[in-house]
Amino acid sequence: MHAKVITLDGPGGAGKGTVSSRLAHHLSWHLLDSGALYRLVGLAAEHHAVALDQEDALSVLAEHLDVQFLTGDDDLVQVVLEGENVSHEIRTERVGGLASQVASLPAVRQALLARQRAFAEAPGLVCDGRDMGTVVFPEAPLKIYLTASADERARRRQQQLHEKGITASLSDLKKDIMERDARDMNRAAAPLKPADDALIVDSTELSIQDVIDLILAEAKSRGLIS
């Protein structure tokens, strides 16, 4: 692989989404939100009236998914499917249900593997997920494993919900986070873990800008940027 790729893996709430979008915008590189792809396949299937048990048809849909992830000055990522902004729709519980069904199909997973790798184009790619450095881009020149304590990730999630006018128990959020970590780390397919050559960054005591500055310094030291 000759494309410049920076992977960001790690558990939920570590800051991967914000860091990756700001980093991609700063570098003027492409951005891949890998977690959104299964939701997009489910939504595309609905748009094209493809049944969720038609594995072959869904794999074709996944392979040719017409999607863009666009970042702007506000750091918000706009997800565009076939020319339509679906940023909010793909985060609904309904679309999450579609995603959980298509994600269980091996042919869809394989098709999305190729689709994810196709994002690696000039001038470069920043991607975040759970298996970017271990499965999707194992030869990436810079792999980051971004983590934070469960307490801090729960606090951040509570703050996000508070800003949306939603009240949530800190202890319940921490419990949910720890359960999700256990599922992600112990699943049979592409378990969450750092790549052997990943730089592990603990963001518990770091700001978003601290993390970005650290990654930029590392990218510069490796000759990925000037």
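# Cavity, helix and salt bridges: a chat

Colleague: How many cavities of 30 Å³ or more does the structure hold?

Modeller: Happy to help, and bear in mind that this is a predicted model. The structure holds one cavity of 30 Å³ or more. As for the volume of the largest cavity, it is about 30 Å³.

Colleague: Thanks! Which strand gives the most to the lining of the largest cavity?

Modeller: The lining includes Thr7, Asp9, Lys143, Ile144 and Tyr145. Two elements give two or more residues to this lining, namely strand 1 (5-9) and strand 7 (142-147). With three residues, the one that gives the most is strand 7.

Colleague: By class, how many charged residues does the lining of the largest cavity have?

Modeller: Among the lining residues are Asp9, Lys143 and Lys193, and Asp and Lys count as charged. The lining also has five nonpolar and two polar residues. The number of charged residues is three.

Colleague: Let's move to helix 2. How far apart are its end C-alpha atoms?

Modeller: Helix 2 covers residues 34-47, which is 14 residues. At 1.5 Å a residue, helix 2 should span 20 Å. The model agrees with that, as the end C-alpha atoms of helix 2 are apart by 20 Å.

Colleague: Nice. Is helix 2 largely enclosed or largely exposed?

Modeller: A residue is buried when its relative accessible area is under 20%. The buried residues of helix 2 include Leu37, Tyr38, Leu40 and Val41. Ten of the 14 residues are buried, so helix 2 is, with respect to the rest of the structure, largely enclosed.

Colleague: Now the salt bridges. Which residue forms a salt bridge with arginine 155?

Modeller: The closest N and O atoms of this pair are 2.7 Å apart. The two partners are three residues apart in helix 7 (residues 150-163), which means that about one helical turn separates them. Arginine 155 is partly exposed at 41% relative accessibility, whereas its partner is buried at 14%. That partner is glutamate 152.

Colleague: And about how many helical turns separate lysine 175 and glutamate 179?

Modeller: These two form a salt bridge, with their closest N and O atoms 2.7 Å apart. Lysine 175 is partly exposed at 47%, and glutamate 179 is partly exposed at 35%. Because they sit four residues apart in helix 8 (residues 170-186), the separation is about one helical turn.

Colleague: Last one: how many salt bridges does a search of the whole structure find?

Modeller: One of them joins glutamate 89 and arginine 94, at 2.9 Å from N to O. Glutamate 89 and arginine 94 also belong to one network with Glu46, joined by salt bridges that share partners. For the whole structure, the search finds nine.

Methods: Residues are numbered from 1 along each chain as its sequence is written. This is a predicted model: local features need pLDDT of at least 70, side-chain atom pairs count only at pLDDT 80 or more; totals for chains, interfaces and linings use all residues. Side-chain values use heavy atoms; hydrogens and water are left out. On a 1 Å grid over the protein atoms alone, a cavity is a set of points where a 1.4 Å probe fits but cannot get out, and a pocket is an open set with protein on both sides within 12 Å along at least five of seven lines; lining residues have an atom within 4 Å of a point. Grid points are joined across faces, edges and corners, and a volume is the space filled by probe spheres set on the points. The expected span of a helix is 1.5 Å times one less than its number of residues. Buried means under 20% relative accessible area, exposed over 50%, partly exposed in between (1.4 Å probe, protein chains only). A salt bridge is a side-chain nitrogen of Lys or Arg within 4 Å of a carboxyl oxygen of Asp or Glu.
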